[in-house]
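Student: Could you take me through one part of this model in detail, keeping to a single region and showing how its pieces fit together?

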Amino acid sequence: MPSLRSPRGFVEWAAASIERIGRGTGVQGLAVGVPGPVDQQRGVLVNPPNLHGWKNVPLVEMLETAIGAPVYLENDANLAGLGEFHHGAGRGTRTMVYLTWSTGIGGGLIVDGNLISGAHGSAGEAGHMILDPDGPLDGCGQRGCLEAFAGGTCSHPRSAPPPPTSSRRLPTVSRHAGEWSLEPPGTWGMR
Ligand SMILES: [Zn+2]
């Protein structure tokens, strides 16, 4: 997506799109899901592992200046989890875990009806659980994350099969005699 090549380009694209779609009527507010941890206090996208050049971007301030309305920034998997909680697979539950498996591996935690972001905005980031401290280097800077073994852009020799088409079908990562392996996606119950 050309508009994602730089934060400035994205903000200009978003403001122009809102203007075009709203036909000049303006917006009351904007919620943005971003593929990385968010510092809610400062409104900053901190360190997205799969978006190079987007480290510590003050997206809330940039977008609010561009569109003239309040902006809420949140991790994309957290927002997707909220969507499933209110309108999808999580309806009727109070506590659930949402997992998404595509370019990256993300997660959203809902506990007793509340989204849990964590002290540093990285709660539920399942893709960055460390499976092997001596494993391959991940885009986040750590070694041996689940995403480094099985994310959609993973270049490790034992890379995952193509991402599953449904969030209910996930490959299985296992280790035997010191060797990592990935089994084809199986069915993972959501509840
Ligand atoms: Zn990682």
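Tutor: Let us begin with one pair of residues in this predicted model: Val111 has Asn114, a residue of strand S7, as its bridge partner. That pair introduces two strands, since S6, residues 105-111, runs antiparallel to S7 and is joined to S7 by 3 bridges. Both strands belong to an open sheet of 3 strands, ordered S5-S6-S7 and paired in antiparallel fashion. At the edges of this sheet lie S5 (96-101) and S7 (114-116), each of which pairs on one side only, and from one strand to the next the twist averages 25 degrees.

Against the sheet packs helix H3, residues 76-87, which touches S5, S6 and S7 and whose direction makes about 50 degrees with that of S6. The helix has 12 residues, and the distance from its first C-alpha to its last is 16 Å, close to the 16 Å expected at 1.5 Å a residue.

Turning to the two sides of H3, we find that Ala77, Asn78, Ala80, Gly81 and Phe85 are its buried residues. Seen down the axis of H3, these buried residues fall within an arc of 160 degrees, so they line one face of the helix. The cover over the buried residues of H3 includes S5, S6 and S7, together with strand S4 (71-75). On the face turned away from that buried side, H3 carries the exposed residues His86 and His87.

How values were computed: Residues are numbered from 1 along each chain as its sequence is written. This is a predicted model: local features need pLDDT of at least 70, side-chain atom pairs count only at pLDDT 80 or more; totals for chains, interfaces and linings use all residues. Two strands pair if DSSP finds at least two bridges between them. Helices (H or I, at least four residues) and strands (E, at least two) are DSSP runs, numbered from the N terminus. Axes are lines fitted to C-alpha atoms, for helices over the stretch in contact, and angles run from 0 to 180 degrees between N-to-C directions. Two residues are in contact if their C-beta atoms, placed from the backbone, lie within 7 Å. The expected span of a helix is 1.5 Å times one less than its number of residues. A residue is buried if 20 or more other C-beta atoms lie within 10 Å of its own, exposed if 12 or fewer, and partly exposed in between; C-beta atoms are placed from the backbone. The arc is that of the directions from the helix axis to the C-beta atoms.
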